[in-house]
Amino acid sequence: MAADTESKLQLVHRHIRAFPDFPKKGILFRDICPILKDPAALTAVIDLFEEHVRKNHPQVDLIIGLDARGFLFGPLLAQRLGVGFVMIRKKGKLPGTTVSVSYDLEYGKAEAEIQEDAVAPGQKILLIDDLLATGGTLHAACELMRKQQAEVLGCMVVIELKELNGIDKLKPHSLFSLVQY
Ligand SMILES: O=P(O)(O)OC[C@H]1O[C@H](OP(=O)(O)OP(=O)(O)O)[C@H](O)[C@@H]1O
Ligand SMILES: Nc1ncnc2[nH]cnc12
């Protein structure tokens with residue numbers, strides 16, 4: 001790994017905090033707020049994602065971000081790459097005709113929605129979120145993309161919680177993560 005990449009990863013790592021028993025007993029919550037508060041750490045996150053996309057998925061048409069923390073990184077990355085950004089939102093937040101799927105979370109249940117005309121059939125997309133836990137959220141997003149006949153190039157997160165094996169749920173789609181626990 002290039003020294004530059006290594007130091008950016010270390011910077012990101014140093015700006016993630018852990019809170020035991022939030023939002024429920026037994027959950028160790030990984031908090032990305034310090035990354036957002038530090039311009040150098042936030043730049044490092046976007047640099048690392050940008051390098052990954054330019055090298056592995058230069059054909060990408062759209063970045064699709066997941067509600068809510070995927071919205072913190074997705075638009076910055078899309079702007080860097082010169083492509084559009086689209087939101088997948090929790091149910092009831094998007095106007096117009098929508099397509100939805102329901103899914104399970106590490107600490108609850110939810111339903112995700114996208115505007116029907118947001119992605120055209122055949123468009124090549126990358127999904128982005130802050131964190132992969134059980135994989136329920138990103139799996140639901142992949143399902144929405146399948147319904148829209150988009151081509152999923154891969155999924156990207158800042159943090160992967162490896163012991164929950166969310167990566168298995170995403171198969172055959174690939175996962176790129178910056179920090180693993
Ligand atoms: O891999 P999973 O088990 O699906 O968990 C990961 C998801 O959980 C968190 O979002 P949450 O639903 O808590 O919503 P928020 O971003 O609105 O806080 C996180 O930001 C991911 O989107
Ligand atoms: N452990 C965790 N920390 C932060 N966000 C999460 N989303 C799901 N599980 C999480």
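Hi everyone, let's start with the sheet. It is an open one with seven strands, in the order E5-E6-E4-E3-E7-E8-E9, and the pairing is mixed. Strand E5, residues 98-105, and strand E9, residues 175-180, stand at the edges; each has a single partner strand, so one side of each has no neighbour in the sheet. On average, neighbouring strands here are turned by 25° against each other, ignoring direction.

Please keep in mind that this is a predicted model.

Let's stay at the E5 edge for a moment. E5 runs antiparallel to strand E6, residues 108-115, and eight bridges join the two. If you want one pair to look for on your screen, take Val101, whose bridge partner in E6 is Ala112.

Now, which helices pack on this sheet? One of them is helix H4, residues 70-81. H4 touches strand E3 (62-66), strand E4 (84-90), E7 and strand E8 (151-160), and its direction makes about 140° with that of E7. Helix H5 packs on the sheet as well, touching E3, E4, E5, E6, E7 and E8. The direction of H5 makes about 155° with that of E5.

On to the ligands. Which residues come nearest to ligand 1? Of the 17 residues around this ligand, those are Ala68, Ala133, Thr134, Gly136 and Thr137. Two elements give two or more residues to the shell: strand E7, residues 124-132, and helix H5, residues 136-147. So H5, which we just met packing on the sheet, turns up again here. E7 gives the most, with four residues. By class, the shell around ligand 1 divides into seven nonpolar, five polar and five charged residues.

Ligand 2 has its own set of residues around it: Ile27, Leu28, Phe29, Arg30, Glu106, Leu131, Ala133 and Leu161. You may have noticed Ala133 in that list; Ala133 was also among the residues that come nearest to ligand 1. Which element gives the largest share of the shell around ligand 2? That is strand E2, residues 28-31, with three residues. The classes here are six nonpolar, no polar and two charged.

A word on annotation. The UniProt record, an unreviewed entry, carries the domain annotation "Phosphoribosyltransferase" over residues 35-160. Over that stretch, the chain is 36% helix and 37% strand, and the end C-alpha atoms are 16 Å apart.

Next, some backbone details for those of you who like to zoom in. The loop between E1 and E2 holds two of them. Asp21, in that loop, has a phi near 60°, which is a positive value in a residue other than glycine. Then Phe22 and Pro23 are joined by a cis peptide bond, with omega about -5°; Pro23 sits in the loop between strand E1, residues 17-20, and E2. Another cis peptide bond joins Lys171 and Pro172, with omega about 10°. Pro172 is placed in the loop between helix H6, residues 166-170, and E9.

Finally, how confident is the predictor? The protein averages a pLDDT of 97, and 100% of the residues score at least 70. Among the elements, H4 has the highest mean pLDDT, at 99, and E5 the lowest, at 92. For the complex, the predictor gives an ipTM of 0.98 and a pTM of 0.97. As a general reminder, predicted coordinates should not be read in detail where pLDDT is low.

That's my tour, thanks for listening!

Terms used: Residues numbered from 1 in each chain as written. Chains lettered and ligands numbered in written order. Predicted model: local features only at pLDDT ≥ 70, side-chain atom pairs only at ≥ 80, totals over all residues. Near = placed C-beta within 6 Å. Nonpolar A, V, L, I, M, F, W, Y, C, P; charged D, E, K, R; others polar. UniProt positions renumbered as here; feature names shortened; annotations may be inferred. Pairing = 2+ DSSP bridges. Axes fitted to C-alpha atoms, helices over the stretch in contact; angles between N-to-C directions. Contact = placed C-beta atoms within 7 Å. pLDDT = per-residue confidence, 0-100.
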